[in-house]
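Hi,

Here is the structure I promised to pass on. Have a look at it first, and my notes on what turned up are underneath.

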Amino acid sequence: MTTQLRRRLLIAAGVLGTALLCYLLGPVLAPFFGAALLAYIADPLVERLQRLLPRGWATTLVFGVLALAGLLAMLFAIPALQRQLISLLQQLPRFLDWLEQTAVPWATATFDLPPDMLSVAAARDWLQEHWAQAGTYAAQGLGKLVSSGLGLIGLLVNLIAVPVVTFYLLRDWPQLIAHIDALLPNRWRPAVREFAGEADRVLGGFLHGQLLVMLAQGTFYAVALSVVGLNQALLIGFAAGLVTFVPYLGGVIGITLALIVGLIQFQDVVHLAAIGGVFAAGQLLESLVLTPLLVGDRLGLHPVAVIFAVMAGGQLFGFFGVLLALPVSAVLLVLLRRALARYRDSEWYAEEPPC
């Protein structure tokens, strides 16, 4: 076995071993991956402030502002979302009455259905039974979490670890990059630096642009649905905006939830048509203005590939895997493009078929 072949086998074994270790330690590594992603997103702000302040002070200022903004957003959003959920639950009895007195008689008469085929009373009993069961299961789950010391400690550790690790990674980001660069073999360093620079341009542009698109979409849906009069406009609007990073999924989830809630609240066609118009306008705004302007074609992934990446990330690493799916896919896509370019430049690709 030649030295070059042995070296390649060692590299392949190291890559496979690292991948297997990341898979086995997925729940432990997920908060660190999430913290690294947050530090990467906030690093450009720190670098701009570093022109005026030392790195430590710039990191503290940026981290403090972002933490304060997140805390204020939570203090505002959680009570508002709670009020909207309570309002939705309070509307369910009125919606069931509308079904029983208006919708079911109309459907029975129009489609000549048996009188007992659509029973609202049975649906009401089923909802009450399963609602009680859901409350029981939730209480049992919460009790198990509280009574399980390890589970509660793990949850608290994850909640504390993400901001703490984010701060230290953000403060020491240049030193970490320099240490990684120093570990590279001399013969690989120029190629790896070129690849890292291209991946950084693609990934940084995509992440910052996509965050702005999500914020803009969530704000648009929340404001527009409030104008329509939907009580749960804030909840549904920002839920749709949050899922906008998956193509079309944000609009599909948003309009589905909005139509269901609109049917419970309004029970007329005019408001449902207005809700549909809001999401049609939102999709046009995203596809024609926001995405081309803020994101462009930096990622270049097909929508099916995006959906697969998000589902695979969630399966492997849970919630943090969903957040990390597209950034990791962006880096892998750059690697694949460079591999394809080298393949097309190879003699094997250019070799003519034998006569």
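Let me start with a small puzzle: does Phe 32 count as buried, partly exposed or exposed? With a relative accessibility of 42%, Phe 32 counts as partly exposed, because that class covers values from 20% to 50%. The residue sits in helix α2. Its C-alpha atom is 8.1 Å from that of Thr 166, although 134 residues separate the two along the chain. Please keep in mind throughout that this is a predicted model.

Now the overall picture. The protein chain has twelve helices and zero strands, so reading from the N terminus you just meet one α after another. Of its 355 residues, 28% are buried. If you take the contacts with a separation of 6 or more, 71% are between residues 24 or more positions apart. The accessible surface is about 22,900 Å², and carbon and sulfur atoms account for 73% of that.

Next, the inside. The largest nonpolar core has 33 residues, and the ones touching the most other members are Leu 169, Leu 207, Phe 245, Val 310 and Leu 326. At least two residues of this core come from each of α2 (26-49), α3 (55-111), α5 (149-171), α7, α10 and α11 (303-344). Val 310 gives you a feel for the packing: leaving out residues up to four places away in sequence, Val 310 touches Phe 245, Val 246, Val 322, Ala 325 and Leu 326. Another core lies apart from that one, with 19 residues that include Leu 225, Leu 230, Val 278 and Phe 279.

You may like the aromatics. There are five aromatic pairs in the structure. In one of them, Phe 167 and Tyr 168 meet edge-to-face, with 5.5 Å from centre to centre and 80° between the planes. Tyr 168 is partly exposed, at a relative accessible area of 44%. Phe 63 joins Phe 167 and Tyr 168 in one aromatic cluster.

Another pair is made by Tyr 221 and Phe 279. Why does this one count as stacked? The ring planes are at 25°, and the cut-off for stacking is under 30 degrees, so the pair qualifies, with the centres 4.6 Å apart. This pair links distant parts of the chain: Tyr 221 belongs to helix α7 (residues 189-228) and Phe 279 to helix α10 (residues 269-295), 58 residues apart. Tyr 221 is buried, with a relative accessible area of 1%, and Phe 279 is buried as well, at 2%.

Helix α9 deserves a look of its own. It runs over residues 249-265, which is 17 residues, and spans 24 Å from first C-alpha to last, close to the 24 Å expected at 1.5 Å a residue. Which of its residues are buried? They are Gly 250, Gly 251, Gly 254, Ala 258, Val 261, Gly 262, Ile 264 and Gln 265. These residues lie on the same side of α9, because they cover an arc of only 165° around the axis. An α-helix has 3.6 residues a turn, so residues three or four places apart point the same way. The buried residues of α9 pack against α3, α8 (233-242) and α10. Just after the helix, Gln 267 takes a positive phi of about 60°.

Two more residues to click on. Thr 59, in helix α3, is buried, with a relative accessible area of 0%. Setting aside neighbours within four places in sequence, Thr 59 is in contact with Val 46, Phe 167, Leu 170 and Arg 171. Phe 167 is the residue you met above in the pair with Tyr 168.

The other is Gly 321, in helix α11. Gly 321 is buried too, with a relative accessible area of 3%. Again leaving aside neighbours within four places, Gly 321 is in contact with Gly 313 and Gly 314. Its C-alpha atom is separated by 9.6 Å from that of Pro 27, and those two residues are 294 residues apart along the chain.

That's what I have for now.

Cheers

Note on methods:
Residues numbered from 1 in each chain as written. Predicted model: local features only at pLDDT ≥ 70, side-chain atom pairs only at ≥ 80, totals over all residues. Heavy atoms only, no water. Phe/Tyr/Trp six-rings, centres within 6.5 Å; stacked < 30°, edge-to-face > 60°. Buried < 20%, exposed > 50% of the residue type's maximum accessible area, 1.4 Å probe, protein only. Helix = DSSP H or I, 4+ residues; strand = E, 2+ residues; numbered from the N terminus. Core = buried A, V, L, I, M, F, W, Y, C linked by side-chain atoms within 4.5 Å. Contact = heavy atoms within 4.5 Å. Expected span 1.5 Å × (residues − 1). Arc of directions from axis to C-beta. Areas by Shrake-Rupley, 256 points an atom, 1.4 Å probe, with all protein chains shown as cover.
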